[in-house]
Amino acid sequence: MSENKRFQLGTIGALSLSVVSSVSIVICNKALMSSLGFRFATTLTSWHLLVTFCSLHVALWMKLFEHKPFDPRTVVGFGILNGISIGLLNLSLGFNSVGFYQMTKLAIIPCTVFLETIFLSKKFSRSIQLSLCVLLLGVGIATVTDLQLNFLGSILSLLAVLTTCVAQIMTNTIQKKFKVSSTQLLYQSCPYQAMTLFVSGPFLDKFLTQQNVFAFRYTPQVLTFIAMSCLISVSVNFSTFLVIGKTSPVTYQVLGHLKTCLVLAFGYILLHDPFNWRNILGIFVAMMGMVLYSYYCTREGQKKTSEASVQLQTKEDESDALIGMETGAGATNDVALPISPIGKADNDLRARDYNR
């Protein structure tokens, strides 16, 4: 199997794992928070990250991956930034209406495109931009209902968008710059993300819910759902880093909106959530945008691959021609040249003049 085919299969596997695990954890957490009353999202996320780190530590002990240390300042900064972005997203949801929070999530894609264009000189074709607009329009129709604005909520949303975009861009650039895998990066940054949320989580959750996480009544059913959520989160965290490393932050956000549409559909089918024509129309438009985005990304990827192959072939041809010229020059120097007829005639004339 060629390297390109293996990469494509790995990317499809990462995307599938991300979708399945994310939809599963959303359904699990929805039952935990809505039905069982455990609404401490930030603290729960810190437990997710702690379980993920412990799982990766066991995997390292079993030699399933290799530990590759790199710049400690980058790791610490990256881990803390990820933790802060999660906390800010939770605060944004607490201070804004659900509709405005959905608009905040929609803003992550254009913000990521803008940052990558300005600071990384990355180019997005008109076709890609159009498909993203169709996608965002569809998700907006399906999810955005009310838009109640307030100053503090808007500031928190802006900070949440910026930190999330930068963290996801860093996830991609760090893996490429330091040549580390998604597993190696997640293993090293996980403790800093977990500690950031573990310290701040109880305070944020108490501020948002007016309840104390340590005073909550943990029944066997609640503990079972928390354990399930933590186990699924290992797959969620791993697939997140894997997808961003293999594709791009924008593709990961597109995948996130696919998960949103699937969660809406599963919520209607399994949990009998209310569903109306706006949800159906929005999901249909969003799916069209995703299909267009996938098509244009695939087409442009094939175009870049073919251009790279042509350039490589051109360089090989030029190299072969240069080697041929050098070989020809060496042969000329090594072989004795015959005396030309003109040279021979000149020698005969000299001999005649001497005899005279």
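**Entry 1: where H4 meets H5**

I looked up the contact of two helices in this predicted model. Thr-104, Lys-105 and Leu-106 are the residues of H4 that meet H5, and their partners there are Ile-108, Ile-109 and Pro-110. I then sorted the residues of this contact and found four nonpolar, one polar and one charged.

I next noted the geometry. H4 covers residues 98-106 and H5 covers residues 108-119. Their axes lie 4 Å apart, and the packing angle is about 25°. H4 is therefore roughly parallel to H5, since angles under 35 degrees count as such.

**Entry 2: the nonpolar cores**

Ile-109 of the H5 contact came up again when I turned to the interior. The largest nonpolar core holds 28 residues, and Ile-109 is listed with Leu-132, Leu-135, Val-250, Val-254 and Met-290 as having the most contacts inside it. I asked which elements give two or more residues to this core. They are H1 (3-35), H5, H6 (126-143), H9 (220-246), H10 (249-270) and H11 (277-334).

I followed one member, Leu-135, further. Leaving aside residues up to four places away in sequence, Leu-135 touches Ile-109, Val-254, His-257, Ala-286, Gly-289 and Met-290.

I also recorded a second core, separate from the one above, with 16 residues. Leu-49, Phe-65, Tyr-187 and Leu-197 are among them.

**Entry 3: the chain as a whole**

I counted the elements of the chain and found 12 helices and zero strands. Read along the sequence, the pattern is accordingly α-α-α-α-α-α-α-α-α-α-α-α.

I checked how much of the chain is covered. The chain has 356 residues, of which 39% count as buried. The exposed surface of the chain comes to about 20700 Å², with carbon and sulfur atoms supplying 67% of it.

I then looked at contacts between residues at least 6 apart in sequence. Of these, 88% join residues at least 24 apart.

**Entry 4: two residues with positive phi**

I searched the loops for unusual backbone angles. Ser-121 is not a glycine, yet its phi is positive, at about 55°. I located Ser-121 in the loop between H5 and H6. Is Ser-121 buried or exposed? Ser-121 is exposed, with a relative accessible area of 60%.

Lys-179, also not a glycine, has a positive phi of about 55°. I placed Lys-179 in the loop that lies between H7 (151-177) and H8 (182-209). With a relative accessible area of 64%, Lys-179 is exposed.

Technical notes
Residues are numbered from 1 along each chain as its sequence is written. This is a predicted model: local features need pLDDT of at least 70, side-chain atom pairs count only at pLDDT 80 or more; totals for chains, interfaces and linings use all residues. Side-chain values use heavy atoms; hydrogens and water are left out. Axes are lines fitted to C-alpha atoms, for helices over the stretch in contact, and angles run from 0 to 180 degrees between N-to-C directions. Angles under 35 degrees count as roughly parallel, over 145 as roughly antiparallel, 65 to 115 as roughly perpendicular and the rest as oblique. Contact means heavy atoms within 4.5 Å. Ala, Val, Leu, Ile, Met, Phe, Trp, Tyr, Cys and Pro count as nonpolar, Asp, Glu, Lys and Arg as charged, and the others, Gly among them, as polar. A nonpolar core is a set of buried Ala, Val, Leu, Ile, Met, Phe, Trp, Tyr and Cys residues joined through side-chain atoms within 4.5 Å. Buried means under 20% relative accessible area, exposed over 50%, partly exposed in between (1.4 Å probe, protein chains only). Accessible areas come from the Shrake-Rupley method with a 1.4 Å probe; for residues, only the protein chains shown count as cover.
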